[in-house]
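Reader: Please give me a close look at one part of this model, the metal site. Then work outward from there.

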Amino acid sequence: MLIVMKLNAPRSDVERVKEKIRTLGFAPHEIPGEERLAIGVTGNKGKVDPELFLNLPGVLEAIPVTKPFKLVSRDVKAENSVIQIDGSRIGGRELTVIAGPCSVESRDQIIDLAFTLKNLGVRFLRGGAYKPRTSPYSFQGLKDEALIYLKEARDATGLRIVTEVKDTATLAAVAECADILQVGARNMHNYSLLEALGSVRKPVLLKRGFAATIEELLMSAEYILSGGNYNVILCERGIRTFETATRNTLDLNSIPIIKKLSHLPIIVDPSHGIGVWDGVTPMSLAAIAAGADGLIIEVHQDPAMALSDGYQSLKPSRFAQLLEKLGQLAPIMDRTLTRAFQNAGVAR
Ligand code: PEP
Ligand code: MN
């Protein structure tokens, strides 16, 4: 159920509707729109009678929402959601580029790469601290040590940190370091983690599971929004198909479909999507051409020596070439790519 308030309905009317929702045992979610405020209702098992709300002052409409996801849906919010992070906006006209190594491998590696990326005008640094790996014998990340290096990298460069949260046990520590909490493909169905992220006040980058449908991805996002955290960025990172020539099949179809179904921003991870470095640039451009709001790209100083995902990582020089091409593509797609060169090259 979505309750749409009249234009300029006073705060007291909004509070009364929210109170009524709570009295019925459901949860109210305020959804500010460009013109009108709406209130989403969750927690109901069956249909809610619109008559319960139509007579309350300030209420314009009470619309039943029949989809299995509500708060993430365009039915509930027509305008695109824009996630604000310290002056950067994800999901607006501006394209977002997140770059960095698959894993934080050492203090020098991450700080050095952070400066290189800063000098290229990037604003968001990725780097795994807690790595959920398919094999227990693969590098599992430097964990808390990596979080310390990521904080240092942020303090030194001003880049914002994107790092993965692997489980609820480490959520508090990772949330203290991360500006954006990444939920990996393997954890898209980890409902305890998704529920916990509902009460965190940090944006979440939710990656699509490699065997998940678009609807399942949206329902995982719904877990986070229904918990009260509306700052969710979706990420298409490829799904598993019969094709073996590439690591995954990057499902660019999902972008226009998600844009139709949901108001949430969606970015693309071409690195995991194709799994080979020389495919990353074409798939990045294709993703932006398909309407994605940005990219998350693995970059490493020496991919051959990387402790994880080296074969799909770009060297900084190639990443710089990709940024140039993205800058050319952006206006064609009615987007902008602002590169934050100001204060770049800060002395270490
Ligand atoms: C990653 O970003 O390094 C990663 C592990 O991605 P995914 O969860 O998409 O496999
Ligand atoms: Mn990786």
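Author: A residue counts as buried under 20% relative accessible area, exposed over 50%, and partly exposed in between (1.4 Å probe, protein chains only). By that rule Asp309 is buried, because its relative accessible area is 6%.

This is a predicted model: local features need pLDDT of at least 70, side-chain atom pairs count only at pLDDT 80 or more, and totals for chains, interfaces and linings use all residues. Residues are numbered from 1 along each chain as its sequence is written, chains are lettered from A and ligands numbered from 1 in the order in which they are written, and side-chain values use heavy atoms, without hydrogens and water.

Asp309 belongs to the metal site. The manganese ion (ligand 2) has four named protein donors: Cys102 (SG), His272 (NE2), Glu298 (OE) and Asp309 (OD). They lie 2.0 to 2.4 Å from the ion. Donors here are N, O and S atoms within 2.8 Å of the metal (3.2 Å for Na, K and Ca); water is not among the atoms, so sites may look incomplete. Along the chain the donors follow the spacing C-x169-H-x25-E-x10-D. Two of them join distant parts of the chain: His272 sits in helix α9 (residues 270–274) and Glu298 in strand β14 (residues 294–298), 26 residues apart. Helices (H or I, at least four residues) and strands (E, at least two) are DSSP runs, numbered from the N terminus. His272 and Glu298 are both buried. Asp309 lies in the loop between β14 and α11. Its phi is positive, about 55°, although Asp309 is not a glycine. Asp334 also has a positive phi without being a glycine, about 60°. Asp334 is in the segment after α11.

Now the cysteines. The count of disulfides (cysteine sulfur atoms within 2.5 Å) is zero. Cys177 is in none; its nearest cysteine sulfur is that of the donor Cys102, 16 Å away. For Cys235 the closest cysteine sulfur is again in Cys102, but at 13 Å, too far for a bond. Cys177 has 0% relative accessibility, so it is buried. Cys235 is buried too, because its relative accessibility is 0%.

Next, the barrel. β14, which carries Glu298, is one of eight strands that close up in the order β7-β8-β9-β10-β11-β12-β13-β14, with parallel pairing. Neighbouring strands are turned by 25° against each other on average, direction ignored. Angles run from 0 to 180 degrees between N-to-C directions, with axes fitted to C-alpha atoms, for helices over the stretch in contact. Two strands pair if DSSP finds at least two bridges between them. Strand β7 (residues 96–100) and strand β8 (residues 124–126) pair in the parallel sense over two bridges. Ile98 stands opposite Phe124 in β8. Helix α3 (residues 107–119) packs on this sheet, touching β7 and β8, and makes about 145° with the direction of β8. α8 packs here as well, on β12 (232–236) and β13, and makes about 170° with β13. Contact means heavy atoms within 4.5 Å.

Helix α10 (residues 280–289) comes next. Its buried residues are Val280, Thr281, Ser284, Ala287 and Ile288. They cover an arc of only 125° around the axis, which puts them on the same side of α10. That arc is taken from the directions from the helix axis to the C-beta atoms. These residues pack against α8 (254–261), β13 (266–268), α9, β14 and α11 (316–332). So α10 touches both α9 and β14, the elements of His272 and Glu298. Gly291 follows α10, with a positive phi near 110°.

Last, the other sheet. Four strands form an open sheet in the order β2-β3-β1-β4, with antiparallel pairing. β2 (27–32) and β4 (59–63) are at the edges with a single partner each, so one side of each lacks a neighbour in the sheet. Neighbouring strands are turned by 20° on average, direction ignored. β2 and strand β3 (residues 37–42) share six bridges, and Pro32 has Leu37 as its partner in β3. Helix α1 (residues 11–23) packs on this sheet, touching β1 (2–5), β2, β3 and β4, at about 145° to β2. β1 pairs with β4 over four bridges, Ile3 with Ala62 among them. With β3, β1 shares three bridges, including Val4 with Ala38. In β1, Leu2 and Val4 point one way, Ile3 and Met5 the other, and all are buried.
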